[in-house]
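Colleague: Before I rely on this model, I should like to hear the reasoning behind the terms you use for it. Could we take them one after another?

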Amino acid sequence: MARADDQSGGVVDPAEAFGVVASETRLDILEALWRVDETPVSFSALFDEVPLSDSGQFNYHLQQLTGQFVADGSDGYRLRRAGAQVIRALRAGTFTHRPDVDPIPVAGACTRCGGELAAVYADEQFAIDCRDCGTAHGEYPFPPGGLVDRDPEEIAQAFAERVRHLHCLAADGVCPECAGRMATEITREGDCCLDVAVRAEFTCQRCRHRLCSPVGLSLLDDSTVAAFYDDHGVDLAARPYWTLPWCVDDEYTTVASTDPWRVRVRVPVADEELRVTLDGDLQVVDHERRGC
Ligand SMILES: [Zn+2]
Ligand SMILES: [Zn+2]
């Protein structure tokens, strides 16, 4: 099977592509095309949107963008996908923001000691840490753009939603960053940001993006687990992962075998327990429900 970048044509040298957009005026042009309600946009209408008074200069910069970033049709200009991606990355704040965020107190108590939890922001990641015993309840990327226009409670909620989706995507083999193929590995070796002995590690084969999580986290979108919570009157989708002990703690996870991998996760709710068995790719192989 041919890969996209093996085919000649259609692929621009990355250094050249970054060079093309490394200009305030060109970013203004892309931003203007992104902002307008209707495209294509005529040359004069686009010129009016950009803070530049010299139309010759404007034309020069616009020409540099056409092809890779901007499509030039008979009826005007519109953003191409690469142009929209540049603007999205800027709006997500990935290249520009270095925000200072105070730790945000979050709902729920430490599953280990009952202490207070806080979401601590550094390096474009939130870490859910216990203020009392210091236990780390996971550390996951959150672009600075997500901090804008949200109060602390909304930020914590958005972070919880994002973690759920990132991990379910990764467990399904799709990189949340680049859509490349993601490999799953269950491991007990080495250290990471989590205080657990058994964890799942996801590595993108294309962009090398990595995520790690307790095995239980991949069960957040499992329909049997959701139905089990539903039977107990709890909406699983509304619970931040750090309030679910089987998503953060070790003692709910047991390695039954390593060849092949069989990992059991206990999911207790009230007086019942759901026992879920997963294989080395985090696919569920068995559910067993029993009263305690
Ligand atoms: Zn604690
Ligand atoms: Zn990737």
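Modeller: This is a predicted model, and in the protein chain the confidence is lowest in helix 1 (residues 14-21), with a mean of 76, and highest in strand 12 (residues 272-279), at 96.

Colleague: How do you know which part of the chain stays under 50 in pLDDT?

Modeller: The score is the predictor's own confidence in each residue, from 0 to 100, and over residues 1-9 it stays under 50, a stretch for which the model has two contacts beyond four places in sequence. For the protein chain the mean is 88, with 93% of residues at 70 or more.

Colleague: What makes up the chain in terms of secondary structure and domains?

Modeller: There are eight helices and 13 strands, and the chain is divided into domain 1 (13-92), domain 2 (104-216) and domain 3 (222-291). The C-alpha centres of domain 1 and domain 3 lie 49 Å apart, and the C-alpha atoms of the chain fill a box of roughly 75 × 45 × 35 Å along the principal axes.

Colleague: What share of the residues counts as buried?

Modeller: A residue is called buried if 20 or more other C-beta atoms lie within 10 Å of its own, and 27% of the 292 residues count as such.

Colleague: Why is the set that includes Phe159, Tyr241 and Val265 called a nonpolar core?

Modeller: The name is given because the set consists of buried residues of the nonpolar kinds, joined through C-beta atoms within 7 Å; the largest such core has 48 residues, and Phe159, Tyr241 and Val265 have the most contacts inside it. Helix 6 (residues 152-171) gives the most to this core, with eight residues, and at least three residues come from each of domain 2 (104-216) and domain 3 (222-291). Apart from this core lies another, of 13 residues, among them Val41, Leu65, Val70 and Tyr77.

Colleague: Which residues does Tyr241 touch, beyond those up to four places away in sequence?

Modeller: Contact requires C-beta atoms within 7 Å, and on that basis Tyr241 touches Ala160, Val163, Arg164, Leu217, Leu220 and Cys247.

Colleague: What makes strand 3 and strand 6 edge strands?

Modeller: Four strands form an open antiparallel sheet in the order 3-4-5-6, and strand 3 (104-109) and strand 6 (136-141) each pair on one side only. Neighbouring strands of this sheet are turned by 25 degrees against each other on average, direction ignored. Helix 6 packs on the sheet and touches strand 3, strand 4 (116-122), strand 5 and strand 6, its direction making about 65 degrees with that of strand 3.

Colleague: How do you know that strand 5 and strand 6 pair?

Modeller: Pairing is accepted where DSSP finds at least two bridges between two strands, and strand 5 (residues 125-130) and strand 6 are joined over four, in the antiparallel sense; Gln125, for instance, has Pro141 of strand 6 as its bridge partner.

Colleague: Why is one side of strand 7 and of strand 9 left without a neighbour in the sheet?

Modeller: In the open antiparallel sheet of order 7-8-9, strand 7 (182-187) and strand 9 (210-213) stand at the edges with a single partner strand each, so one side of each has no neighbour there. The twist averages 20 degrees from one strand to the next. Strand 7 and strand 8 (residues 199-204) pair in the antiparallel sense over six bridges, and in strand 8 the bridge partner of Met182 is Cys204. Helix 6 lies across strand 7, strand 8 and strand 9, at about 105 degrees to strand 9.

How values were computed:
Residues are numbered from 1 along each chain as its sequence is written. Chains are lettered from A and ligands numbered from 1 in the order in which they are written. This is a predicted model: local features need pLDDT of at least 70, side-chain atom pairs count only at pLDDT 80 or more; totals for chains, interfaces and linings use all residues. Helices (H or I, at least four residues) and strands (E, at least two) are DSSP runs, numbered from the N terminus. A residue is buried if 20 or more other C-beta atoms lie within 10 Å of its own, exposed if 12 or fewer, and partly exposed in between; C-beta atoms are placed from the backbone. Domain bounds come from an automatic or database domain assignment. Axes are lines fitted to C-alpha atoms, for helices over the stretch in contact, and angles run from 0 to 180 degrees between N-to-C directions.
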